[in-house]
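Please look over the structure below. A student and a tutor will then talk it through.

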Amino acid sequence: MKKKTRILVIIIAAVVVIAGIISALVIRKKINDRTVNIAFYGLSEDYVSLIKEQIPESEDVILKFDVLAPGALDLGTLTKKYDMLFTWKGEVTDALEGSVEDVPGKILENIPISMRNKFCFPLLLDHYEIDLYQPVIAKAGVENLQTYSEFEAFFDEAKKYVFSPFFCKASDDRTLLALIGNFIEAKGGVEAYKKMIAKMRTSSSLDDFIDEELATVNGDVLSVRSVLDMFKSWPGEGITHPQWYRANAADVRAFAEDKQLAVLFMSLSEHREMPYKIISDYTTIQMPRVSENVDHGVIAPAISAVLISNNSNCKNYLKLLASADVQSYMSMKTMLGPVHYRAESYDVQAD
């Protein structure tokens with residue numbers, strides 16, 4: 001054969017071989033992706049069921065769901081056994097960063113920049129909020145509570161009308177930790193809050209971080225101890241019940257029914273559990289901040305998804321869960337906040 005002909009034959013043969021290899025890899029990938037192992041950790045049965053309902057069944061896919069038991073997780077086993085994880089964003093999701101698959105950029109584009117994380121995608125938000133009893137607001141002549149100083153002043157004014165101006169489900173560790181975090185963030189801003197979280201994650205006990213300086217506020221050192229000392233002084237100042245730190249959900253409801261509260265601190269999901277005839281008398285606001293000069297946000301735990309493996313089916317599931325229609329549906333079912341820009345929220349609180 002002529003030289004040009006031989007070169008052409010070699011090129012064609014190489015293309016055929018490469019195409020064959022690619023085809024074989026694609027087929028192997030489809031076979032490997034056919035079995036999908038999905039884990040749930042730390043989520044209620046209702047949330048697990050809702051997420052399962054959104055994942056379509058197919059004859060070509062073998063879906064396996066596992067609800068992992070509470071307690072310490074073996075991350076090594078988790079990454080070897082499962083393709084996808086649904087859990088609250090936090091210690092587990094952070095520990096997986098760098099060892100899991102990236103969330104496709106097209107999906108991240110549909111949510112606010114502050115929530116974008118290529119290792120962990122938020123699906124629903126359960127924020128913490130301040131709820132103000134409107135009859136007391138009216139009696140106190142308060143028009144708005146936009147600053148922390150106005151917030152503090154309202155406590156003193158509310159003492160004239162209710163037994164416990166402030167209350168929350170403080171016996172619950174999650175609520176108490178969120179309360180501390182909200183006051184740290186309101187006083188010192190986002191950076192102070194992040195610093196507290198970082199110190200907690202690297203500490204073995206409360207003593208290791210309780211006195212750590214998180215920020216300076218009006219010349220005073222802001223620390224976890226300073227916030228706890230403030231809470232400790234509240235019963236003596238008439239701001240809250242003497243045994244407020246023992247309060248559970250039933251106590252919160254009882255005090256609210258008796259119309260003896262002015263300010264409630266709770267999560268959105270707890271807000272939903274309150275009878276409408278009670279909670280309808282409250283108006284919801286963001287935690288007021290000390291100064292406009294500090295970055296301020298909303299502390300909102302997120303039910304999140306992590307792509308542990310490169311399974312293509314899991315990426316399709318995440319794309320579906322992150323869509324505006326499914327986000328709207330899940331917000332309606334759970335009454336939590338969606339993350340998609342165009343998703344319809346259950347109501348103004350979720351929005």
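The questions below take up helices, loops, strands and empty spaces in turn.

Student: What kind of model is this?
Tutor: Keep one point in mind throughout. The model is predicted.

Student: Where is the kink in helix 8 centred?
Tutor: Start with length. Helix 8 covers residues 173-201, and a straight helix of 29 residues would span 42 Å at 1.5 Å a residue. Helix 8 spans only 16 Å between its end C-alpha atoms. There is a kink of about 135 degrees in this helix, and its centre is Gly188.

Student: Is His127 buried or exposed?
Tutor: First place it: His127 sits in the loop between strand 4 (121-125) and strand 5 (128-133). Its relative accessible area is 13%. Buried means under 20%. Therefore His127 is buried.

Student: Which side chain does the side chain of His127 join in a polar contact?
Tutor: Look for a pair of side chains 2.7 Å apart in a polar contact. One belongs to His127, and the other to Glu129.

Student: Is Ala69 buried or exposed?
Tutor: Ala69 lies in the loop between strand 2 (62-68) and helix 3 (75-81). Its relative accessible area is 56%. The cut-off for exposed is over 50%, so Ala69 is exposed.

Student: What separates the C-alpha atoms of Ala69 and Tyr41?
Tutor: Along the chain, Ala69 and Tyr41 are 28 residues apart. In space, their C-alpha atoms are separated by 7.1 Å.

Student: How does Ile62 count by accessibility, and what is its C-alpha distance to Val36?
Tutor: Ile62 lies in strand 2. Its relative accessible area is 33%, so Ile62 is partly exposed. Ile62 and Val36 are 26 residues apart in sequence. C-alpha to C-alpha, the distance is 6.1 Å.

Student: What is the relative accessibility of Glu150, and how far is Glu150 from Ala170 in space?
Tutor: Find Glu150 in helix 7 (residues 148-158). Its relative accessibility is 31%, so Glu150 counts as partly exposed. Glu150 and Ala170 are 20 residues apart along the chain. Their C-alpha atoms are separated by 23 Å.

Student: Where does Asp251 lie, and what is its C-alpha distance to Leu177?
Tutor: Asp251 is part of helix 10 (residues 249-257). At 30% relative accessibility, Asp251 counts as partly exposed. In sequence, Asp251 and Leu177 are 74 residues apart. In space, C-alpha to C-alpha, they are 19 Å apart.

Student: What is the phi of Asn218?
Tutor: Most residues other than glycine have a negative phi. Asn218 is not a glycine, yet its phi is positive. Asn218 lies in the loop between strand 7 (215-217) and strand 8 (220-222). Its phi is about 55 degrees.

Student: Is Asn218 buried or exposed?
Tutor: Use the relative accessible area, which is 72% for Asn218. Exposed means over 50%, so Asn218 is exposed.

Student: What is the phi of Lys259?
Tutor: Lys259 lies in the loop between helix 10 and strand 9 (261-267). Lys259 is a residue other than glycine, and its phi is positive. The value is near 60 degrees.

Student: How many cavities of 30 Å³ or more are there?
Tutor: Rolling a probe the size of a water molecule over the atoms shows where empty space is left. With the cut-off at 30 Å³ or more, the count is 1 cavity.

Student: What lines the largest cavity, and what is its volume?
Tutor: Its lining residues are Tyr128, Asn182, Glu185, Gln286, Met287, Gly297, Val298 and Ile299. By class, the lining has 4 nonpolar, 3 polar and 1 charged residues. The volume of the largest cavity is about 40 Å³.

Student: Which residues lie nearest the centre of the second largest pocket?
Tutor: The second largest pocket has a volume of about 320 Å³. Helix 2 (45-54), helix 11 (268-273) and helix 14 (324-334) each give two or more residues to its lining. By class, the lining divides into 4 nonpolar, 3 polar and 9 charged residues. Of the 16 residues in the lining, those nearest the centre are Ser44, Asp46, Tyr47, Ser269 and Thr334.

Note on methods
Residues are numbered from 1 along each chain as its sequence is written. This is a predicted model: local features need pLDDT of at least 70, side-chain atom pairs count only at pLDDT 80 or more; totals for chains, interfaces and linings use all residues. Side-chain values use heavy atoms; hydrogens and water are left out. On a 1 Å grid over the protein atoms alone, a cavity is a set of points where a 1.4 Å probe fits but cannot get out, and a pocket is an open set with protein on both sides within 12 Å along at least five of seven lines; lining residues have an atom within 4 Å of a point. Grid points are joined across faces, edges and corners, and a volume is the space filled by probe spheres set on the points. Ala, Val, Leu, Ile, Met, Phe, Trp, Tyr, Cys and Pro count as nonpolar, Asp, Glu, Lys and Arg as charged, and the others, Gly among them, as polar. Helices (H or I, at least four residues) and strands (E, at least two) are DSSP runs, numbered from the N terminus. The expected span of a helix is 1.5 Å times one less than its number of residues. The bend at a residue is the angle between axes fitted to the seven residues ending there and the seven starting there. Buried means under 20% relative accessible area, exposed over 50%, partly exposed in between (1.4 Å probe, protein chains only). A polar contact is a pair of N or O atoms within 3.5 Å; within protein, one must be able to donate a hydrogen and the other to accept it, and residues adjacent in sequence count only if both atoms are side-chain atoms.
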